[in-house]
Amino acid sequence: METIQWSDNYSVGVKKLDEQHKQIIGMLNRLVSAPEAKDAGSETITDILTTMTRYALEHFKTEEKLMKAHGYPDLEEHREEHVAYRRKAIDFSTASSLGVEATPQILVTFLFEWWTNHILIEDMKYKAFFAKKGVR
Ligand SMILES: [Fe+2]
């Protein structure tokens, strides 16, 4: 699996959110590049996953707070995506720390696809909204 190269395609136009997305992409790239990604219950993977889950939850908070502050009309719909991710990420983290994740590759693929889809499709939906509100 290839690592992700940040480009303007990923920019949602809000500096803080772009910075956080960059961090998340960096963690995804570390996951993909870790040779241990093939071993179930690897400590490295568990560590990256835990850090990533924690960071992602902080990021969701920032995003939702901003949406709320500016009256983003699709906040609820967007929040549901975050809730679903949280559920899944916690399952993964638990499974990984217990060493019961049989195929970490599935997990890595899921995370990779979820984030690229989320940033490029779901998050992009608020780009024009925040731009109109003057949020940068
Ligand atoms: Fe989001």
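**Exercise 1. Which residues in H4 are buried?**

*Solution.* The structure is a predicted model, in which local features need pLDDT of at least 70 and side-chain atom pairs count only at pLDDT 80 or more, while totals for chains, interfaces and linings use all residues. Residues are numbered from 1 along each chain as its sequence is written, and side-chain values use heavy atoms, with hydrogens and water left out.

Step 1. Fix the terms. Helices (H or I, at least four residues) and strands (E, at least two) are DSSP runs, numbered from the N terminus. Buried means under 20% relative accessible area, exposed over 50%, and partly exposed in between, with a 1.4 Å probe and protein chains only.

Step 2. Apply them. The buried residues in H4 are Pro104, Leu107, Val108, Leu111, Phe112, Trp114, Trp115, Thr116, His118, Ile119 and Glu122.

Step 3. Identify the packing partners. These buried residues of H4 pack against H1, H2 and H3, where contact means heavy atoms within 4.5 Å.

**Exercise 2. State the span of H1 and of H4 against expectation, and describe what covers H1.**

*Solution.* Step 1. The expected span of a helix is 1.5 Å times one less than its number of residues.

Step 2. H1 has 19 residues and extends 27 Å from its first C-alpha to its last, close to the expected 27 Å. H4, with 19 residues, reaches 25 Å between its first and last C-alpha, close to the 27 Å expected.

Step 3. Buried residues of H1 include Leu17, Asp18, His21 and Leu28. Their cover includes helix H2 (43-70), H4 and helix H5 (127-133).

**Exercise 3. Identify the protein donors of the iron ion and examine histidine 78 among them.**

*Solution.* Step 1. Donors are N, O and S atoms within 2.8 Å of the metal (3.2 Å for Na, K and Ca); water is not among the atoms, so sites may look incomplete.

Step 2. Glu63 (OE), His78 (NE2), His82 (NE2), His118 (NE2) and Asp123 (OD) are the protein donors, lying 2.0 to 2.4 Å from the iron ion. Along the chain, the donors follow the spacing E-x14-H-x3-H-x35-H-x4-D. Distant parts of the chain are linked by histidine 78 in helix H3 (residues 75-98) and histidine 118 in helix H4 (residues 104-122), 40 residues apart.

Step 3. Histidine 78 counts as buried because its relative accessibility is 4%. Histidine 118 is likewise buried, at 0%.

Step 4. A polar contact is a pair of N or O atoms within 3.5 Å; within protein, one must be able to donate a hydrogen and the other to accept it, and residues adjacent in sequence count only if both atoms are side-chain atoms. The histidine 78 side chain makes such a contact with the side chain of histidine 82 (3.2 Å), and another of 3.2 Å with that of histidine 118.

**Exercise 4. Is serine 11 buried or exposed, and which polar contacts does its side chain form?**

*Solution.* Step 1. Serine 11 lies in the segment before helix H1 (15-33). Serine 11 is buried because its relative accessible area is 13%.

Step 2. Its side chain reaches the backbone nitrogen of glycine 13 at 3.1 Å, and a polar contact of 2.7 Å joins it to the side chain of aspartate 18.

Step 3. Neighbours within four places in sequence aside, serine 11 is in contact with Trp6, Asp18, Met124 and Lys127.
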